[in-house]
Amino acid sequence: PAFRRFQRGYYRVYLPALAADWLQGPYLYKLYQHYRFLEGQIAILYVCGFASSVLFGLVSSSLVDRLGRKKSCVLFSLTYSICCLVKLSRDYLVLAVGRVLGGLSTALLFSAFEAWYVHEHVERYDFPTEWIAVTFSRAAFWNNVIAVGAGATADFFAEWLGLGPVAPFMVSIPLLVLSGVFAIKNWDENYGKKRAFSKTCGDGLKCLLSDRRVLLLGTIQALFESVIYIFIFLWTPVLDPHGAPLGIVFSAFMAASMLGSSLYRLALSKRYHLQPV
């Protein structure tokens with residue numbers, strides 16, 4: 001029962017943050033198009049977001065450990081809320097700053113929350129280590145469900161209610177505030193080991209270059225992600241001229257992704273004994 005309560009406390013903060021993130025997926029390109037920006041200008045805005053995510057991703061673990069995991073989660077809620085608010089502006093530079101804030105927020109989303117959970121699980125509550133996988137597995141399941149629902153919700157506000165492509169970004173803000181408030185009220189602070197940034201990067205680079213398998217895996221992952229990012233950029237301008245409901249299409253993508261994950265787990269189960277080789 002204590003573990004269940006602890007899990008619920010984590011999900012109460014983490015799942016609204018995920019929902020806010022997914023809500024912004026279907027209508028980002030459409031919003032910039034709505035503001036009359038050219039395809040090349042929109043591409044630069046996308047690159048600003050991706051580059052920011054890479055840059056802050058390098059320092060996010062050190063930043064989170066030094067600042068504190070709880071504070072970092074609250075910082076995520078703040079920066080992502082500002083990122084959503086600046087979508088109301090039609091100024092190109094303001095929107096570029098918003099994309100940089102979005103990159104910072106993404107880096108925090110995929111580092112601070114899980115780091116906080118692992119520390120509390122092991123250090124404060126001393127639950128069995130193998131139970132960590134249970135929590136993250138359920139979080140992954142709900143992440144997929146939320147992603148499917150976010151597409152339909154974005155479509156509802158943008159198209160059905162006629163509020164336009166900026167509406168999903170405004171709907172994200174209450175969820176981000178909710179996540180931050182729950183973190184402030186219910187979570188205790190914890191910190192990681194303070195290590196020099198140069199040492200952290202050096203150790204990572206040494207691991208990458210010393211083990212051929214790690215280098216190959218990283219290369220394959222990078223190539224795969226590059227294809228996905230090209231797809232993320234292109235799917236809206238390809239489908240939108242045909243009148244496709246972008247939110248519903250996004251939900252279909254997420255449902256297909258969830259199906260792929262389910263088939264993978266089934267393939268590795270004791271019934272089929274397939275191996276990822």
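**A walk through an all-helix model**

Hi everyone, let's start with charge: this protein carries 26 positive and 17 negative side chains, and the centres of those two sets sit 4 Å apart. Please keep in mind that we are looking at a predicted model.

Now, how many helices and strands are there? The protein has 11 helices and 0 strands. So if you read along the sequence, the pattern is α-α-α-α-α-α-α-α-α-α-α.

Next, overall dimensions. Taken along the principal axes, the C-alpha atoms fill a box of roughly 55 × 45 × 40 Å. The radius of gyration is 20 Å, which agrees with the value near 19 Å for a compact globule, because that is what 277 residues would give.

How are the contacts spread along the sequence? If we take contacts between residues at least 6 apart in sequence, 81% of them join residues at least 24 apart.

Let's turn to inside and outside. Of the 277 residues, 38% are buried, where buried means under 20% relative accessible area. The accessible surface comes to about 15500 Å², and 69% of that belongs to carbon and sulfur atoms.

Finally, the annotation. An unreviewed UniProt entry lists "transmembrane region" for residues 41–60, 100–119, 131–154, 166–184, 214–235 and 247–267. Let's look at two of those stretches in the model. Residues 100–119 are 90% helix and 0% strand, with 29 Å between the end C-alpha atoms. For residues 166–184, the chain is 95% helix and 0% strand, and the end C-alpha atoms are 28 Å apart.

That's my tour, and thanks for listening!

Conventions
Residues are numbered from 1 along each chain as its sequence is written. This is a predicted model: local features need pLDDT of at least 70, side-chain atom pairs count only at pLDDT 80 or more; totals for chains, interfaces and linings use all residues. Side-chain values use heavy atoms; hydrogens and water are left out. Helices (H or I, at least four residues) and strands (E, at least two) are DSSP runs, numbered from the N terminus. The radius of gyration is taken over C-alpha atoms; the globule rule is 2.2 Å times the number of residues to the power 0.38. Buried means under 20% relative accessible area, exposed over 50%, partly exposed in between (1.4 Å probe, protein chains only). Contact means heavy atoms within 4.5 Å. Accessible areas come from the Shrake-Rupley method with a 1.4 Å probe; for residues, only the protein chains shown count as cover. Lys and Arg count as positive and Asp and Glu as negative; His and the chain ends are not counted. The place of a charge is taken as NZ of Lys, CZ of Arg, CG of Asp or CD of Glu. UniProt positions are given in the numbering used here, feature names are shortened, and annotations may be inferred rather than shown by experiment.
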